[in-house]
Amino acid sequence: MVFTEQLYSVMVVCASPKLSEALLPLLPSGVYGVVDFVPRVSAARRMLRERSYDFVIVNASSVSQDPAIAFASEVCGCAGTAALLLVPAGTDPDISQRATMDGVFVLTKPTSVQMLQLSLRFLAASRERLRRLEENAAAMERKAEDLRLINRAKWLLIENLKMSEAVAHRYIEKQAMDRCVTRREIALNIIRTYE
């Protein structure tokens, strides 16, 4: 197995310049290719419509129903994005529990540099797992599309050349082997010919 360096894109939603300054050294450019600091949730939502991020770090400024808490949960609904929510000490455990159930990593402030670094590693692990799931889903979708095309081609052979389904299937397989191409390519040629 070959390991490749992965550059992560990060959005930090934080109105506190002090916390933003503290986070910046933890996000070196060799690991984090894009790091965008956004002061408000509304601006963060707009940015997420324009591009995707691997990580979103959200600073909840109060223990009340902060929009940042809801936003962190929304972010986890975005394909491939891992979220870290920084909540103040004294936050209602139910709020933290709900966020965790939505897939958000929750960290209580104040916290240490080591805990932030550990949280970033957890985000990276989570993002890599999501990346593998996305790749598997895309591969499954490609296979399903190939099967749909092959079945469509088989039915065209059945209708137009009066082949049985087994003979049509074997014909597609044999053509693919003889021409050293995929069954998908043979199916597409058949579809172009008969449709």
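Two strands are said to pair if DSSP finds at least two bridges between them, and this idea underlies the views of the predicted model described below.

**Figure 1. The open sheet of 5 strands in the predicted model**. The strands of this open sheet follow the order 2-1-3-4-5, and their pairing is parallel. Strand 2 (32-38) and strand 5 (105-109) stand at the edges, where each has a single partner strand, so one side of each is left without a neighbour in the sheet. From one strand to the next, the twist averages 15°. Strands of a sheet pair through backbone hydrogen bonds, and the pairing can be either parallel or antiparallel.

**Figure 2. The pairing of strand 4 with strand 5**. Strand 4, which covers residues 82-88, runs parallel to strand 5, and 5 bridges join the two. Which residue of strand 5 stands opposite V87? The residue in that position is T108.

**Figure 3. The surroundings of T81**. T81 is found in the loop that lies between helix 3 (67-75) and strand 4. Is T81 buried or exposed? Its relative accessibility is 4%, and because buried means under 20%, T81 counts as buried. The side chain of T81 reaches the backbone oxygen of Y53 at 2.8 Å. When residues up to four places away in sequence are not counted, T81 touches Y53, D54, V56, V75, C76 and L130.

**Figure 4. M101 in helix 4**. Helix 4 is made up of residues 93-101, and M101 lies in this helix. With a relative accessibility of 62%, M101 counts as exposed, because the cut-off for that word is over 50%. Although M101 and S73 are 28 residues apart in sequence, their C-alpha atoms are 8.9 Å apart in space.

**Figure 5. The protein chain as the setting for the close-up views**. The protein chain has 7 helices and 5 strands, and from the N terminus on its elements run β-α-β-α-β-α-β-α-β-α-α-α. Its radius of gyration is 25 Å, well over the 16 Å that the globule rule gives for 195 residues, so the chain is more spread out than a compact globule. Along the principal axes, the C-alpha trace spans about 75 × 35 × 25 Å. Buried residues make up 37% of the 195 residues in the chain, and the chain exposes about 11800 Å², of which carbon and sulfur atoms supply 57%. Among the contacts with a separation of 6 or more, 61% are accounted for by residues 24 or more positions apart.

Terms used: Residues numbered from 1 in each chain as written. Predicted model: local features only at pLDDT ≥ 70, side-chain atom pairs only at ≥ 80, totals over all residues. Heavy atoms only, no water. Helix = DSSP H or I, 4+ residues; strand = E, 2+ residues; numbered from the N terminus. Buried < 20%, exposed > 50% of the residue type's maximum accessible area, 1.4 Å probe, protein only. Axes fitted to C-alpha atoms, helices over the stretch in contact; angles between N-to-C directions. Rg over C-alpha atoms; globule rule 2.2 N^0.38 Å. Contact = heavy atoms within 4.5 Å. Areas by Shrake-Rupley, 256 points an atom, 1.4 Å probe, with all protein chains shown as cover. Polar contact = N/O pair within 3.5 Å; in protein donor to acceptor, adjacent residues only side chain to side chain.
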